[in-house]
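User: Hi! I'm new to this one and could use a friendly tour. Can we look at it together?

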Amino acid sequence: QVQLVESGGGLVQPGGSLRLSCAASGSIFIFSIYDMTWYRQAPGKQREVVASITRSGRTNYTDSVKGRFTISRDNAKNTVYLQMNSLKPEDTAVYYCHADALVPGRRYWGQGTQVTVSS
């Protein structure tokens, strides 16, 4: 069974920073072959892609976080990170980690971590 466990969320003031982590585990889980994506879902809104990193390290960001957020991965630690700087109240959401091996049946979600940006 594959597990994705997010951590690092919390309450931060506008302009502050947080670093989210998503640790993957599983008896047959080969982290390096998975494309990893951070999603977020704010109350009353649809879940949206925030940032992604492919197995080869190529990154992509939604326009609203470009220049503020950085996604990275450490294959040796089976972990993907999301460094979030210059946080805004509109970044408030539950942030989810997603793993996709691009084959059927090899997609997994984490349980989410709450990020609240408020003064």
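User: Let's start with Trp109: is it buried, partly exposed or exposed?

Analyst: Happy to help! One thing to keep in mind is that this is a predicted model. Trp109 counts as partly exposed, because its relative accessibility is 39%.

User: And how many aromatic pairs are there?

Analyst: The count comes to six aromatic pairs. One of them joins Tyr34 and Tyr108: the ring centres are 6.2 Å apart and the planes meet at 45 degrees, so this pair is tilted.

User: Where do Tyr34 and Tyr108 sit?

Analyst: Tyr34 is in the loop between β3 and β4, while Tyr108 belongs to strand β10 (residues 107–109). The pair therefore ties together parts that are 74 residues apart in sequence. Both Tyr34 and Tyr108 are buried.

User: Back to Trp109, then. How are the rings of Tyr96 and Trp109 arranged?

Analyst: They are edge-to-face, because their planes are at 90 degrees; the ring centres lie 6.4 Å apart. Tyr96 is in strand β9 (residues 93–100) and Trp109 in strand β10, so the pair links distant parts of the chain, 13 residues apart. Tyr96 is buried, with a relative accessible area of 14%.

User: What does Arg47 do around Tyr96?

Analyst: Arg47 lies over the face of Tyr96, 3.7 Å from the ring centre. The charged end of Arg47 also sits over the ring of Trp109, at 4.6 Å from its centre.

User: Which residues do ring pairs link into a cluster?

Analyst: That cluster consists of Phe29, Phe31, Tyr34 and Tyr108.

User: New topic: Arg73. Which strand is it in, and what is the nearest side chain of opposite charge?

Analyst: Arg73 is in strand β7, which covers residues 69–74. The nearest side chain of opposite charge is Asp35, 5.2 Å away, and Arg73 has no salt bridge even though it is buried.

User: Which backbone oxygens does the Arg73 side chain reach, then?

Analyst: Two can be named here. A polar atom of the Arg73 side chain is 2.9 Å from the backbone oxygen of Phe31, and the side chain also reaches the backbone oxygen of Tyr34 at 2.8 Å. Beyond its sequence neighbours up to four places away, Arg73 touches residues including Ser32, Met36, Ile53, Thr79 and Val80.

User: Last one: is Ser21 buried or exposed?

Analyst: Ser21 counts as buried because its relative accessibility is 16%. Ser21 lies in strand β3 (residues 18–25), and among the residues Ser21 touches are Val5, Trp38, Thr79, Val80 and Tyr81.

Conventions: Residues are numbered from 1 along each chain as its sequence is written. This is a predicted model: local features need pLDDT of at least 70, side-chain atom pairs count only at pLDDT 80 or more; totals for chains, interfaces and linings use all residues. Side-chain values use heavy atoms; hydrogens and water are left out. Helices (H or I, at least four residues) and strands (E, at least two) are DSSP runs, numbered from the N terminus. Buried means under 20% relative accessible area, exposed over 50%, partly exposed in between (1.4 Å probe, protein chains only). Lys and Arg count as positive and Asp and Glu as negative; His and the chain ends are not counted. A salt bridge is a side-chain nitrogen of Lys or Arg within 4 Å of a carboxyl oxygen of Asp or Glu. A polar contact is a pair of N or O atoms within 3.5 Å; within protein, one must be able to donate a hydrogen and the other to accept it, and residues adjacent in sequence count only if both atoms are side-chain atoms. Contact means heavy atoms within 4.5 Å. Rings of Phe, Tyr and Trp (its six-membered ring) pair if their centres lie within 6.5 Å; planes under 30 degrees apart count as stacked, over 60 as edge-to-face and the rest as tilted. A charge sits over a ring if NZ of Lys or CZ of Arg is within 6 Å of the ring centre and within 35 degrees of the ring normal.
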